[in-house]
Amino acid sequence: MAKNVSHHNQPSLGFRVWRGWAEEMPVAHAHTDIELNQVLRGELRYFFGGRFERVEPGTLALFWAGVPHQLVATAPRTEMVWVTVPLAWVMQWKLSETFRQRLLTGEFVRQPLDAGLLTGWAADFPKLRDIVLLEVEARVRRIGAARATPSRRVVAGDVIERVTHVIGERYAEELTVADIAGVVKLHPNYLMRVFKDRCGMSLWEYVTRLRVSHAQRLLITTDRKMVDVALESGFGSVSRFHAAFRRIAGQTPRAYRAALG
């Protein structure tokens with residue numbers, strides 16, 4: 001993200017629109033907003049929900065930032081516009097349930113779009129904040145109504161994508177590094193080293209973040225009890241769930257649910 005924006009696991013960045021130079025992130029992060037990105041020049045590559053996603057000029061990217069993501073590569077002097085909107089606001093917009101679920105289950109949505117719209121938002125924000133918000137809502141609703149291009153779901157030969165595919169299918173189960181290494185036929189120590197080098201965090205931290213993201217989705221979309229949320233998200237106990245959730249989301253699960261209610 002832009003240099004002047006703090007983005008380390010905040011509950012929400014709030015409604016913001018800004019333009020700046022893209023910078024690679026040292027680690028993955030998450031926040032509870034819906035995020036829109038557009039590259040004005042250059043290109044970038046995200047590590048998002050276990051996949052590598054390329055974003056080039058002429059394409060608007062839309063995703064739920066509660067999914068762990070990291071900007072892992074950029075072309076020199078890549079310029080972008082970022083928009084973040086609190087999830088609670090988006091949940092009140094007239095989006096179809098299908099589209100909302102697509103976002104909350106980790107789809108990285110793309111749509112061809114001229115850069116003039118987002119650069120206009122960046123120029124008008126915050127002076128015309130309310131008008132910009134109405135235009136953002138209208139654009140997101142248009143994306144939901146259109147056949148936007150989803151992220152590819154094919155598992156490539158890249159070792160990280162193979163590993164995250166396994167994790168993505170099994171993170172809610174009892175799982176160990178040895179289990180994952182066995183499926184992808186790699187030595188556990190080698191797997192942990194490669195994952196750390198490529199993703200900027202440990203393999204187990206990635207599993208934990210996926211579990212917290214799953215819990216956030218349940219807290220937003222259901223009224224399940226905390227113990228059920230903890231167990232369905234892959235945490236073996238409520239205490240471990242609360243500790244991990246508070247560390248990553250910056251607040252307790254109960255406060256998170258109340259804030260988005």
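In this briefing, contact means that heavy atoms lie within 4.5 Å of each other. The model described here is predicted. Its features include an open sheet of five strands, an open sheet of three strands, and a pair of packed helices, α8 and α10. Helix α3, residues 116-124, lies across four strands: β1, β2, β5 and β7.

**The five-stranded sheet and helix α3**

- The strands of this open sheet follow the order β1-β7-β2-β5-β8, and their pairing is antiparallel.
- Strands β1 (16-21) and β8 (109-112) form the edges; each has a single partner strand, so one side of each has no neighbour in the sheet.
- From one strand to the next, the twist averages 20°.
- Within this sheet, strand β2 (residues 33-41) pairs with strand β5 (residues 59-64) in the antiparallel sense, over five bridges.
- Asn-37 stands opposite Ala-61, a residue of β5.
- Helix α3 runs at about 70° to β7, the strand of residues 79-86.

**The three-stranded sheet**

- A further open sheet has three strands in the order β4-β3-β6, again with antiparallel pairing.
- Its edge strands are β4 (51-55) and β6 (69-74), each of which pairs on one side only.
- The twist in this sheet averages 25° from one strand to the next.
- Strand β3 (residues 44-48) and β6 run antiparallel and are joined by five bridges.
- Phe-47 stands opposite Gln-70, which belongs to β6.

**Backbone features in two loops**

- The peptide bond between Phe-125 and Pro-126 is cis, with omega about 5°.
- Pro-126 belongs to the loop that links α3 with α4 (129-145).
- Arg-77 is not a glycine, yet its phi is positive, at about 55°.
- The loop between β6 and β7 contains Arg-77.

**The packing of helices α8 and α10**

- Two packed helices are described by the angle between their axes and the distance between the axes.
- For helix α8 (residues 203-221) and helix α10 (residues 238-249), the angle is about 95° and the axes are 10 Å apart.
- Angles of 65 to 115 degrees count as roughly perpendicular, and α8 and α10 are therefore roughly perpendicular to each other.
- On the α8 side, the contact is made by Glu-205, Thr-208, Arg-209, Val-212, Ala-215, Gln-216 and Leu-219.
- On the α10 side, these residues meet Phe-241, Ala-244, Phe-245, Arg-247, Ile-248 and Ala-249.
- Of the residues in this contact, eight are nonpolar, two are polar and three are charged.

**The second largest pocket**

- Rolling a probe the size of a water molecule over the atoms shows where empty space is left.
- The second largest pocket holds about 170 Å³ of space.
- Its lining includes Glu-173, Glu-174, Leu-175, Trp-204, Thr-208 and Arg-211.
- Gly-234, Phe-235, Gly-236, Arg-240 and Ala-244 are also among the lining residues.
- Helices α8 and α10 are the elements that contribute two or more residues to this lining.
- The largest share, three residues, is supplied by α8.
- By residue type, the lining of this pocket consists of four nonpolar, three polar and four charged residues.
- Thr-208 and Ala-244 take part in the contact between α8 and α10, and both also line the second largest pocket.

**Cavities**

- The structure contains two cavities of 30 Å³ or more.
- The second largest cavity encloses about 30 Å³ of space.
- Its lining is formed by Ile-34, Leu-87, Val-90, Met-91, Arg-100, Leu-103 and Leu-104.
- Helices α1 (87-91) and α2 (97-104) each provide at least two of these lining residues.
- Six of the residues that line this cavity are nonpolar, none is polar and one is charged.

Definitions and conventions: Residues are numbered from 1 along each chain as its sequence is written. This is a predicted model: local features need pLDDT of at least 70, side-chain atom pairs count only at pLDDT 80 or more; totals for chains, interfaces and linings use all residues. Side-chain values use heavy atoms; hydrogens and water are left out. Axes are lines fitted to C-alpha atoms, for helices over the stretch in contact, and angles run from 0 to 180 degrees between N-to-C directions. Angles under 35 degrees count as roughly parallel, over 145 as roughly antiparallel, 65 to 115 as roughly perpendicular and the rest as oblique. Ala, Val, Leu, Ile, Met, Phe, Trp, Tyr, Cys and Pro count as nonpolar, Asp, Glu, Lys and Arg as charged, and the others, Gly among them, as polar. On a 1 Å grid over the protein atoms alone, a cavity is a set of points where a 1.4 Å probe fits but cannot get out, and a pocket is an open set with protein on both sides within 12 Å along at least five of seven lines; lining residues have an atom within 4 Å of a point. Grid points are joined across faces, edges and corners, and a volume is the space filled by probe spheres set on the points. Two strands pair if DSSP finds at least two bridges between them.
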